[in-house]
Amino acid sequence: MIAFPVLSCYDNKKLCGILTETAFTHDGKLDYAVLGVGINVKNPPCDYPEEFAYKTTNIERISGVINDDMKYQLVASFLNNFDDLFFDCLFNHFFFLLF
């Protein structure tokens, strides 16, 4: 099953999103779960296609600048926070789903 994406917006424009996919065994147990995360960081080389331009934004457009150090800090911060949240959920809230 693919879940509808969870979006985060800035000024009513999509900035990032999360998409999940899950599958269950014939007896209803979780077989696998996939989580996809996308963060719009930079302007694309040719800007967004016209049909998306009015509803999409990115960090570079909001802040006015994005450099490699900022991108590395963003990825590191995301991964550190995701790691903490994942293990908190896994061991404190959702552990029973796996067995």
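In the predicted model, a polar atom of the Asn58 side chain lies 3.1 Å from the backbone nitrogen of Glu60. Asn58 itself is found in the loop that separates helix H1 (50-53) from helix H2 (59-63). With a relative accessibility of 0%, Asn58 falls under the 20% limit and therefore counts as buried. When neighbours within four places in sequence are left aside, the contacts of Asn58 are Leu15, Asn40, Val41, Lys42, Asn43 and Tyr48.

Two of the residues named above, Lys42 and Glu60, also pair with each other. They form a salt bridge in which the closest N and O atoms are 3.9 Å apart. Because Lys42 belongs to the loop between S3 and H1 whereas Glu60 belongs to helix H2, this pair ties together parts of the chain that are 18 residues apart in sequence. The two partners differ in their exposure class: Lys42 is partly exposed, at 39% relative accessibility, while Glu60 is buried, with a relative accessible area of 17%. Side chains of opposite charge can pair when their charged atoms come close.

A search of the whole structure gives two salt bridges. Besides the Lys42 pair, there is a salt bridge between Lys71 and Asp68, whose closest N and O atoms are separated by 3.1 Å. Here both residues are part of helix H3, and they stand three residues apart, about one turn of the helix. Lys71 has a relative accessible area of 26% and so counts as partly exposed; Asp68, at 42% relative accessibility, is likewise partly exposed.

The wider setting of these residues is a chain with three helices and three strands. Along the sequence, these elements follow the pattern β-β-β-α-α-α. The protein chain has 99 residues, of which 12% count as buried. Among contacts between residues at least 6 apart in sequence, 28% join residues at least 24 apart. The surface exposed by the protein chain comes to about 7800 Å², and carbon and sulfur atoms supply 62% of that area.

The strands are considered next. S1 pairs with strand S2 (residues 13-24) in the antiparallel sense, over five bridges. One of the residue pairs between them is formed by Tyr10 and its bridge partner in S2, Lys13. The hairpin of S1 and S2 has two residues between the strands, and in this hairpin Asp11 adopts a positive phi near 55 degrees. S2 and S3 also run antiparallel, and they are joined by nine bridges. Across this pairing, Thr22 stands opposite Ala33 in S3, and Phe24 is opposite Leu30 in S3. In the hairpin of S2 and S3, five residues lie between the strands, and Gly28 takes a positive phi near 90 degrees.

Val6 belongs to strand S1, which covers residues 6-10. Its relative accessibility of 52% is over the 50% limit, and Val6 therefore counts as exposed. Not counting residues up to four places away in sequence, Val6 touches Cys16, Gly17 and Ile18. For Val6 and Ile18, which are 12 residues apart along the chain, the separation between C-alpha atoms is 5.0 Å.

Val6 and Ile18 also take part in a nonpolar surface patch of about 1000 Å², made by these two residues together with Leu35, Val37, Ile39, Val75, Phe78, Leu79, Phe82, Phe86, Phe87 and Phe91. Strand S3 (30-39) and helix H3 (68-92) are the elements that give two or more residues to this patch. H3 provides the largest share, with seven residues. Among the patch members, Leu35 lies in strand S3, and this residue is partly exposed, with a relative accessible area of 43%. Helix H3 thus appears in two settings: as the source of the largest share of the nonpolar patch, and as the location of both Lys71 and Asp68.

Note on methods: Residues numbered from 1 in each chain as written. Predicted model: local features only at pLDDT ≥ 70, side-chain atom pairs only at ≥ 80, totals over all residues. Heavy atoms only, no water. Helix = DSSP H or I, 4+ residues; strand = E, 2+ residues; numbered from the N terminus. Buried < 20%, exposed > 50% of the residue type's maximum accessible area, 1.4 Å probe, protein only. Polar contact = N/O pair within 3.5 Å; in protein donor to acceptor, adjacent residues only side chain to side chain. Contact = heavy atoms within 4.5 Å. Patch = residues over 30% accessible without salt bridge, like charges linked within 9 Å, V, L, I, M, F, W, Y side chains within 5 Å. Areas by Shrake-Rupley, 256 points an atom, 1.4 Å probe, with all protein chains shown as cover. Salt bridge = Lys/Arg side-chain N within 4 Å of Asp/Glu carboxyl O. Pairing = 2+ DSSP bridges.
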